[in-house]
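User: Hi! Could you take one part of this model, the charged side-chain pairs, and walk me through it closely, along with whatever surrounds it?

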Amino acid sequence: MLASVPDRYLRGLRSVVLTNESAMPRRDRKGKTWWRGRKRSKTRILGRYHGGEKDSIYIELRVDKILSGVPRWWLWVKFLREVRFANVLFHEIGHHIHHCVRPEYADKEDTADKWGRRLSGNYSRKTYWYALPVLIPASKALRLASRKGWM
């Protein structure tokens, strides 16, 4: 997935760490953090962007949280499995782009969501180009259904 992201957007990113919640210290698992101007429980976090000094910037993905609530058959289908991880990974890369590459005067989460959608679309076009005639109408139908409140 990282190969689909242009190198200029990954400049300064040291690593992507895959972890599970039980391997983390208590202060990273318990308590609350700020999200869109409100406090949110840390147990709901799927991934985090750790920005700071140039040599210590990394992304943390919590695999057990990303896969929680997913039916077992979902993991057998490569596309569905990758979509689950891609949403979180590209959102966190969006935070990196906003922090280091292209800062904007806008909400951090909105900017990360925008970059996440852009990078996800780029990844889908490069990897699953053969499935686009089916995926594009399906995504439009899902977007319409969620907008109308049918889902």
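Analyst: Happy to! Let me start with a definition: a residue is called buried under 20% relative accessible area, exposed over 50% and partly exposed in between, using a 1.4 Å probe on protein chains only. This is a predicted model, in which local features need pLDDT of at least 70 and side-chain atom pairs count only at pLDDT 80 or more, while totals for chains, interfaces and linings use all residues. Residues are numbered from 1 along each chain as its sequence is written, and side-chain values use heavy atoms, leaving out hydrogens and water.

There are 5 salt bridges in the structure, where a salt bridge is a side-chain nitrogen of Lys or Arg within 4 Å of a carboxyl oxygen of Asp or Glu. Side chains of opposite charge can pair in this way when their charged atoms come close.

One of them joins lysine 114 and glutamate 104, with 2.9 Å between the closest N and O atoms. This pair links distant parts of the chain, 10 residues apart: lysine 114 sits in helix H5 and glutamate 104 in the loop between helix H4 (78-101) and H5. Helices here are DSSP runs of H or I with at least four residues, strands are runs of E with at least two, and both are numbered from the N terminus. Both partners are partly exposed: lysine 114 has a relative accessible area of 37%, and glutamate 104 has 32%.

Threonine 111 belongs to the same neighbourhood, as glutamate 104 is among the residues it touches, together with His98 and Ala106, when residues up to four places away in sequence are not counted. Touching, or contact, means heavy atoms within 4.5 Å. Threonine 111 is also part of helix H5, which spans residues 108-127, but this residue is buried, at 2% relative accessible area. Its side chain reaches the backbone oxygen of aspartate 107 at 2.9 Å.

Now to the other group. Glu21, Glu60, Arg62 and Lys65 are linked in a network of salt bridges. Within the network, glutamate 21 meets lysine 65 at 3.3 Å, N to O. That pair, too, links distant parts of the chain, 44 residues apart, with glutamate 21 in the loop between strand S1 (15-19) and helix H2 (26-29) and lysine 65 in helix H3 (residues 63-67). Glutamate 21 is buried at 12%, whereas lysine 65 is partly exposed at 22%. Glutamate 60 pairs with arginine 62, with the closest N and O atoms 3.0 Å apart. Here both partners are buried, glutamate 60 at 6% relative accessibility and arginine 62 at 0%. For contrast, arginine 27 in helix H2 is exposed, at 62%.

The network also leads into the sheet, as glutamate 60 in S5 stands opposite arginine 48. The sheet is open, with 3 strands in the order S1-S5-S4 and mixed pairing; two strands pair if DSSP finds at least two bridges between them. S1 and strand S4 (47-50) are at the edges with a single partner strand each, so one side of each has no neighbour in the sheet. S4 and strand S5 (residues 58-62) run antiparallel, joined by 4 bridges. H4 packs on this sheet, touching S1, S4 and S5, and its direction makes about 20° with that of S4. For that angle, axes are lines fitted to C-alpha atoms, for helices over the stretch in contact, and angles between N-to-C directions run from 0 to 180 degrees.

Back in helix H5, there is a ring pair worth a look. Of the 7 aromatic pairs in the whole structure, one is tyrosine 9 with tryptophan 115, edge-to-face at 5.1 Å centre to centre and 65° between the planes. Tyrosine 9 lies in helix H1 (residues 7-10) and tryptophan 115 in helix H5, so this pair ties together parts that are 106 residues apart in sequence. Rings of Phe, Tyr and Trp (its six-membered ring) pair if their centres lie within 6.5 Å, and planes under 30 degrees apart count as stacked, over 60 as edge-to-face and the rest as tilted. Both residues are buried, tyrosine 9 at 3% and tryptophan 115 at 2%.

How values were computed. Polar contact = N/O pair within 3.5 Å; in protein donor to acceptor, adjacent residues only side chain to side chain.
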